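Please look over the sequence and the structure shown here before reading on. The report below is meant for a reader who has not met this structure before.

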Amino acid sequence: MAGGFGTPAHGGGGDFEAKITLVVVISCILAASGGLMFGYDIGISGGVTAMPPFLKKFFPVVYKKTQEKGNESNYCKYDNQGLQLFTSSLYLAALTATFAASHTTRTLGRKATMLIAGIFFILGTIFNAAAVNLLMLIIGRILLGCGVGFANQAVPLFLSEIAPTRIRGALNILFQLNTTIGILFANLVNYGTAKISGGWGWRLSLGLAGVPAVMLTLGSLIVIDTPNSLIARGKLEEGKAALKKIRGVSNVEPEYLEIVEASRVASEVKHPMRNLLKRRNRPQLVIAVCMQIFQQFTGINAIMFYAPVLFNTVGFKSDASLYSAVITGAVNVLATLVSIYSVDRLGRRILLLQAGFQMFFSQMVVAVVLGLRVKDYSESLTKGLALLVVVMVCTFVSAFAWSWGPLGWLIPSETFPLETRSAGQSVAVCVNMVFTFVIAQSFISMLCHFKFGIFIFFSGWVLVMSAFVLMYLPETKNVPIEEMTDRVWRRHWYWRRFVDDDENGALELSGRLTHCQR
């Protein structure tokens with residue numbers, strides 16, 4: 001069985017014969033470099049927007065505010081819609097690109113879509129590094145956003161369809177791990193380039209995005225396309241050869257026949273988006289949409305986008321703020337490794353519920369410290385309290401990194417049936433990018449108006465999402481995709497009414513495949 005978005009295994013729930021081959025390992029590492037690029041884009045923007053030479057060239061109004069001592073609120077000195085647009089334009093472009101990426105992923109394949117993403121990344125990097133005005137800067141971010149849209153559509157599909165069942169969760173999280181590594185890499189780059197004299201360090205920061213961009217582009221040329229994609233496009237022999245190569249065994253006939261039949265059944269669905277809206281698919285759709293919304297309203301991207309700006313706001317000097325951002329980036333990577341180890345052992349719900357408590361506690365502590373010590377025009381943050389803020393931010397980041405970060409993508413990938421899987425992925429990416437854009441465009445303004453209350457705002461959302469997990473999110477650990485209806489949705493106290501009431505949806509794809517095999 002291919003995990004995530006791939007084709008399900010036998011009706012009995014057993015694995016197909018498969019080895020963890022070198023081809024799979026190398027392909028996953030190369031493909032997941034799309035996450036590296038995504039993470040670098042997230043981390044780099046906050047660092048360069050804290051660099052005085054960058055602000056002076058592109059955002060002189062903000063630069064003037066940061067240089068005026070005592071005349072501007074601590075919480076409002078970076079409040080500028082143009083500055084926020086520099087960050088958020090990437091996600092608006094990613095949202096738009098997702099629709100085109102859904103089409104290319106289906107018609108051209110995962111490999112070709114990753115190549116398109118890599119080309120967009122390279123072009124965006126060139127525009128940003130060579131920017132001489134704000135227009136070039138925004139165009140570069142838009143091109144990078146198109147790359148994000150294509151990569152986020154194709155890479156999770158690729159990883160899922162190539163993965164053996166027993167490491168499905170771990171390989172799905174590989175994309176998220178690379179995202180966190182990208183963020184850490186960006187923070188380290190910003191820390192180094194901020195010290196470059198001459199005011200051109202920001203160009204190096206933006207230009208080094210070319211490293212993961214070239215990695216993804218070259219990787220997409222090296223890897224083979226997934227058997228699912230090849231077979232779905234009518235390339236049966238190529239698909240069978242690819243299946244033998246990635247599984248490392250000669251007896252792939254059962255899995256091959258099931259992929260062929262699953263592709264035939266899926267091809268009969270002429271309007272997957274319309275099918276997605278049917279009552280029987282309501283549980284998966286609601287879970288996917290809510291997971292993406294909640295992921296953003298944890299407040300994580302607000303912290304990752306603007307970590308240096310945030311630490312500057314609470315009284316850290318420029319170097320210290322970038323150094324603190326590096327620490328949070330490192331915590332992000334290490335905690336994601338925890339998720340890779342524990343997701344298929346402890347389960348999804350336990351990680352989400354534990355993290356909910358940890359994120360709520362840490363955000364409330366930060367809110368109390370800032371509320372008591374950082375006023376509009378003065379701050380009395382001692383070294384000890386400043387260290388406490390960093391520790392609590394790291395506590396928050398670690399909880400997110402082993403819960404809502406990877407599981408926000410993994411859980412939707414496990415729940416959609418084959419007929420609606422591509423459409424479901426598109427909806428998940430779109431919703432994620434919409435709310436990422438909203439947070440990126442509004443966070444600094446919210447910080448200005450809410451002040452320390454911004455952390456209370458996000459902690460309130462953490463309570464809401466934890467309650468949602470407790471009541472409405474079923475455990476999907478070790479449940480074959482084709483058995484989700486019988487073993488998960490039909491047994492859930494709330495969602496079973498949607499499945500049982502719809503007679504047309506009573507037979508899951510696995511039932512049809514099992515009947516055909518018999």
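What follows describes the overall make-up of the chain, the confidence of the model, and then a number of individual residues and pairs.

## Overall make-up

This is a predicted model, and the secondary structure of its chain consists of 25 helices and zero strands. The chain has 518 residues, of which 61% are buried. The surface that the chain exposes comes to about 19000 Å², and carbon and sulfur atoms supply 66% of that area.

Many contacts join parts that are separated in sequence: when contacts with a separation of 6 or more are considered, residues 24 or more positions apart account for 82% of them.

## Confidence of the model

The pLDDT of the chain averages 80, and 84% of the residues reach a score of at least 70. Confidence is highest in helix α6 (residues 110–129), with a mean of 94, and lowest in helix α25 (residues 509–517), with a mean of 47.

Two stretches call for caution. Residues 1–14 have a pLDDT below 50, and in the model this stretch has 70 contacts beyond near neighbours in sequence. Residues 503–517 also have a pLDDT below 50, and this stretch has 22 contacts beyond near neighbours in sequence. Where pLDDT is low, the predicted coordinates should not be read in detail.

## The nonpolar core and Trp 404

The largest nonpolar core contains 130 residues, and those with the most contacts inside it are Phe 54, Phe 59, Phe 121 and Trp 404. When neighbours within four places in sequence are left aside, the residues in contact with Trp 404 are Met 291, Phe 294, Gln 295, Thr 298, Leu 352, Met 359, Met 465 and Val 469.

Phe 294, one of the residues in contact with Trp 404, has a relative accessibility of 8% and therefore counts as buried. Phe 294 lies in helix α15 (residues 282–297), and Cys 290 lies in helix α15 as well. With a relative accessibility of 19%, Cys 290 counts as buried because the cut-off for that class is under 20%. Although Cys 290 and Ala 428 are 138 residues apart in sequence, their C-alpha atoms are 9.1 Å apart in space.

## Aromatic pairs

The structure holds 24 aromatic pairs. One of them joins Phe 38 and Tyr 91, whose ring centres are 6.5 Å apart and whose planes meet at 65°, so the pair is edge-to-face. This pair links distant parts of the chain, since Phe 38 belongs to helix α2 (residues 33–48) and Tyr 91 to helix α5, with their positions 53 residues apart in sequence. Both Phe 38 and Tyr 91 are buried.

Phe 294 and Trp 461 form an aromatic pair that is tilted, with 6.4 Å from centre to centre and 55° between the planes. This pair also links distant parts of the chain, with Phe 294 in helix α15 and Trp 461 in helix α22 (residues 453–472), 167 residues apart. Whereas Phe 294 is buried, Trp 461 is partly exposed, with a relative accessible area of 28%.

## Charges over rings

Two residues with charged side chains are placed over aromatic rings. The charged end of Arg 345 sits over the ring of Tyr 341, at 4.0 Å from its centre. Lys 57 lies over the face of Phe 58, and here the distance from the ring centre is 5.9 Å.

## Further residues in helices and a loop

Thr 125 lies in helix α6, the helix in which confidence is highest. Its relative accessibility is 5%, and Thr 125 therefore counts as buried. Not counting residues up to four places away in sequence, Thr 125 touches Met 37, Leu 144, Leu 206, Gly 207, Ala 209 and Gly 210.

Gly 82 lies in helix α5 (residues 81–107) and is partly exposed, with a relative accessible area of 25%. Gly 82 and Gln 441 are 359 residues apart along the chain, yet their C-alpha atoms are separated by 9.1 Å.

Lys 451 lies in the loop between α21 (421–450) and α22. Lys 451 is not a glycine, but it has a positive phi of about 55°. At 23% relative accessibility, Lys 451 counts as partly exposed.

How values were computed: Residues numbered from 1 in each chain as written. Heavy atoms only, no water. Helix = DSSP H or I, 4+ residues; strand = E, 2+ residues; numbered from the N terminus. Buried < 20%, exposed > 50% of the residue type's maximum accessible area, 1.4 Å probe, protein only. Contact = heavy atoms within 4.5 Å. Areas by Shrake-Rupley, 256 points an atom, 1.4 Å probe, with all protein chains shown as cover. Phe/Tyr/Trp six-rings, centres within 6.5 Å; stacked < 30°, edge-to-face > 60°. Lys NZ or Arg CZ within 6 Å of the ring centre and 35° of its normal. pLDDT = per-residue confidence, 0-100. Core = buried A, V, L, I, M, F, W, Y, C linked by side-chain atoms within 4.5 Å.
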